[in-house]
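Let us walk through this model together, strand by strand. Have the sequence and the coordinates open as you read.

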Amino acid sequence: MTTIHRFGSTGISCHAWSGNRSELALSHSSKEVTLYKAKGKGWEKTDVLDQHDLRVTGIDWAPNTNRTVTCSSDRNAYVWVKGPDGVWKYTLVLLRINRAATCVRWSPEENKFACGSGAKVISICYYEADNDWWVAKHIKKPIISTITSIDWHPNNILLAAGSADFKVCVFSGFVKEIEPKPSATPWGMKMPMGNLMTEFSNSPN
């Protein structure tokens with residue numbers, strides 16, 4: 001059944017649900033992410049995540065670890081973790097991009113995430129325990145346009161990415177530092193980080 005809820009008069013640029021769908025994170029086309037919790041037949045504002053400098057462009061909420069990742073036009077991403085005291089604490093992610101981040105998605109196992117950008121780059125980010133921060137490996141070739149959408153295959157390795165040049169590419173997002181060597185798939189056997197598995201075009205040219 002469809003229900004309609006109103007969250008103000010400004011547009012919503014992106015949103016994400018918590019694992020049990022009882023909470024909602026959304027950005028009103030601003031640099032803030034507002035958190036809501038279901039209450040009765042409506043929603044109650046519970047918190048505001050305010051660390052970005054420019055408009056938030058992507059949010060994803062990991063259902064099992066309850067971690068939230070946000071990305072923004074300020075070329076940064078943050079991983080947010082809710083502490084025992086109920087306070088959300090952030091960790092800066094080293095995306096290493098020179099254009100706006102456009103979209104973000106946790107992998108199925110929630111041990112890494114992918115972040116698309118206008119820099120013709122996809123950042124595959126994972127936690128480096130020795131330095132207590134999130135670092136990124138880049139997928140560059142053959143991307144020639146802004147990444148507009150991304151999503152993971154259930155095997156936690158393959159990543160589909162749509163771009164503004166009317167193409168969808170399937171890449172390997174394998175990170176050898178945190179996961180075992182993947183088994184063969186119908187897309188291929190060799191899957192080093194960034195390997196192009198296949199490409200689809202929607203352009204007549």
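Two strands count as paired if DSSP finds at least two bridges between them, and helices (H or I, at least four residues) and strands (E, at least two) are DSSP runs numbered from the N terminus. Please keep in mind that this is a predicted model, in which local features need pLDDT of at least 70 and side-chain atom pairs count only at pLDDT 80 or more, while totals for chains, interfaces and linings use all residues. Residues are numbered from 1 along each chain as its sequence is written, and side-chain values use heavy atoms, with hydrogens and water left out.

With those terms in hand, begin at β15, residues 167-172, which pairs with β16 in the antiparallel sense over five bridges. Two of the partnerships are easy to find: V170 has T198 in β16 as its bridge partner, and K167 has S201 in β16. On to β14, residues 158-163: six bridges join β14 to β15, and these two strands also run antiparallel. Here A161 stands opposite C169 of β15. The hairpin of β14 and β15 has three residues between the strands, and F166 takes a positive phi near 70 degrees there.

These strands belong to an open sheet of four, ordered β13-β14-β15-β16 with antiparallel pairing. Its edges are β13 (147-152) and β16 (196-201); each has a single partner strand, so one side of each is left without a neighbour in the sheet. On average, neighbouring strands of this sheet are turned by 20 degrees against each other, direction ignored; for such angles, axes are lines fitted to C-alpha atoms (for helices over the stretch in contact), and the angles run from 0 to 180 degrees between N-to-C directions.

Now turn to another open sheet, in which four antiparallel strands follow the order β1-β2-β3-β4. At its edges stand β1 (14-17) and β4 (42-50), each with a single partner strand, so one side of each lacks a neighbour in the sheet. The average turn between neighbouring strands of this sheet is 25 degrees, direction ignored. Within it, β3 (residues 32-39) is joined to the antiparallel β4 by eight bridges, and L35 has D47 of β4 as its bridge partner.

What about the interior? A nonpolar core is a set of buried Ala, Val, Leu, Ile, Met, Phe, Trp, Tyr and Cys residues joined through side-chain atoms within 4.5 Å; buried means under 20% relative accessible area, exposed over 50%, and partly exposed in between, with a 1.4 Å probe and protein chains only. The largest such core has 18 residues, of which V79, V93, L95, W106 and F113 touch the most other members. At least two residues of this core come from each of β6 (68-72), β7 (77-82), β9 (101-106), β10 (112-117) and β12 (133-139), and β9 gives the most, with three. Apart from this core lies another, of 16 residues, including I122, V135, I143 and W152.

Finally, look at the cysteines. With a disulfide taken as a pair of cysteine sulfur atoms within 2.5 Å, the count comes to zero. C125 is in no disulfide, and the nearest cysteine sulfur, that of C115, is 6.2 Å away. C125 is buried, with a relative accessible area of 0%. The sulfur of C169 is 13 Å from the closest cysteine sulfur, in C103, too far for a bond. C169 is also buried, at a relative accessible area of 8%.
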